[in-house]
Amino acid sequence: MADTFNYRIDHHGSLVRPTGLATDDPEAVDAAVREAVVLQRRLRSTVVTDGDVPREDFRGAVLGTVAGFRRTDQAGPDGLVRWVAETLPKANGPLLPGYGTRLAGLTVIAPKATLPSPAHLAATTFEPGLGPASARELGEALADILRAEIARLVSEGVRLIQLDNPFLLDQVAADPAAPGPLSFEDALAVDALAVRLDERPEGVRIAMAPGWAAPAAVDRARAERMYTGIPADRWVLPFHRGTGAETDLLRALPEERDFCLGVVDATRPEPEDVDTVMSRIDRLEEFKDLEDGAVAPSRGFADVADRPLLSPDDQRHKLVLVETIARYCWGNEF
């Protein structure tokens, strides 16, 4: 795709927040967002987010603003605070109000927004016998809300919008586990509803991040079904371990889709060897056009606000590595 180069140096969305940040203090939050933007600008990122600074976790844009959900005092199997859907959700306004305008006032770098996918939210908040009749019904209602928000963000100048569904790659495994509240096919159908926009202005990308790590083995047919089932422009895929499964995910990706490789491990402070990473990327040229590619860390650095995966210094080193790798791949563009 001709303008992919605008988004070569990417990151998932969440960044390490300042220690002790009070999210109910608007001035402190604004200052932290400005600091996050300065970090991305200095590191030559080609997209910029607010670092998810104002939100409790990566789901907060929805769970913190949409009516119909109740926060519990329990944690789910993924370690996140458990929310349950008591009724079909209803949006009370924008999920990320003023997002594009705010970032445009801080930098000329293209704004990116990250949102939880409706299928992920439905799978983790559906409670049988409470509220919605099924996880599929809940997911479809959420998809309507998210599709409207994506259209609004695009109209506000946001150029890259990423939906996160950390469960999808588990369902692509060669020996998938029991489907849970949403089957694989239902998850694809629900997330597909959210990314189907009637029009996308030039330069706009809708991305899908289907998981933070590749499974031990990939069922090629299921991977292809995932890509064809969800009409996302870009797929943000793990590529930090050097496994055959990571390569299999890239092989199954249709030629007309962009890809963003998670080339550094956002969970470990040890720096990657650039030559090793480049050797992995070089092998992709046998079957992929790197002109359709981008690079990023393997996941967000603080998808839960008070549980950052790395220190600010380690995060910076990882982001510098991502920029370095991008310059090795596409140096003539920067």
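Here are some questions and answers about ring pairs, cysteines and a helix crossing in this predicted model.

User: How many aromatic pairs does a search of the whole structure find?
Analyst: One pair is Phe 58 with Trp 212, and another is Tyr 227 with Trp 235. For the whole structure, the search comes back with a total of 2.

User: What kind of pair do the rings of Phe 58 and Trp 212 make, stacked or edge-to-face?
Analyst: The ring centres sit 6.3 Å apart, and rings pair up if their centres lie within 6.5 Å. The planes meet at 80 degrees, and anything over 60 counts as edge-to-face. So this pair is edge-to-face.

User: How many residues apart are Phe 58 and Trp 212 in the chain?
Analyst: Phe 58 is in the loop between β1 (47-48) and α2 (60-63). Trp 212 is in the loop between β6 (205-209) and α8 (220-229). The pair links distant parts of the chain, with a separation of 154 residues.

User: What about Tyr 227 and Trp 235: are they buried or exposed?
Analyst: These two form an edge-to-face pair, 4.9 Å centre to centre with 80 degrees between the planes. Tyr 227 has 0% relative accessibility, and Trp 235 likewise comes out at 0%. The cut-off for buried is under 20%, so Tyr 227 and Trp 235 are both buried.

User: Which residue lies over the face of Phe 287?
Analyst: Arginines turn up over ring faces here, including Arg 222 over Phe 184, at 4.3 Å from the ring centre. For Phe 287, the distance to the ring centre is 4.2 Å, and the residue is Arg 251.

User: Why is there no bond between the sulfurs of Cys 260 and Cys 329, and how many disulfides does the structure hold?
Analyst: The closest cysteine sulfur to that of Cys 260 is in Cys 329, 11 Å away, so it's too far for a bond. A disulfide needs sulfurs within 2.5 Å. The number of disulfides in the structure is 0.

User: Which of Cys 260 and Cys 329 is partly exposed?
Analyst: Cys 260 has 0% relative accessibility, so it counts as buried. The other cysteine is at 21%, and buried requires under 20%. The partly exposed one is therefore Cys 329.

User: How are helices α4 and α5 set relative to each other, oblique or roughly antiparallel?
Analyst: The axes of α4 (residues 118-125) and α5 (residues 135-155) come within 8 Å and cross at roughly 140 degrees. The crossing is right-handed. Roughly antiparallel would take an angle over 145, so α4 and α5 are oblique.

Technical notes
Residues are numbered from 1 along each chain as its sequence is written. This is a predicted model: local features need pLDDT of at least 70, side-chain atom pairs count only at pLDDT 80 or more; totals for chains, interfaces and linings use all residues. Side-chain values use heavy atoms; hydrogens and water are left out. Rings of Phe, Tyr and Trp (its six-membered ring) pair if their centres lie within 6.5 Å; planes under 30 degrees apart count as stacked, over 60 as edge-to-face and the rest as tilted. Helices (H or I, at least four residues) and strands (E, at least two) are DSSP runs, numbered from the N terminus. Buried means under 20% relative accessible area, exposed over 50%, partly exposed in between (1.4 Å probe, protein chains only). A charge sits over a ring if NZ of Lys or CZ of Arg is within 6 Å of the ring centre and within 35 degrees of the ring normal. Axes are lines fitted to C-alpha atoms, for helices over the stretch in contact, and angles run from 0 to 180 degrees between N-to-C directions. Angles under 35 degrees count as roughly parallel, over 145 as roughly antiparallel, 65 to 115 as roughly perpendicular and the rest as oblique. A crossing is left-handed if the near helix is turned anticlockwise from the far one by less than a right angle, and right-handed if clockwise.
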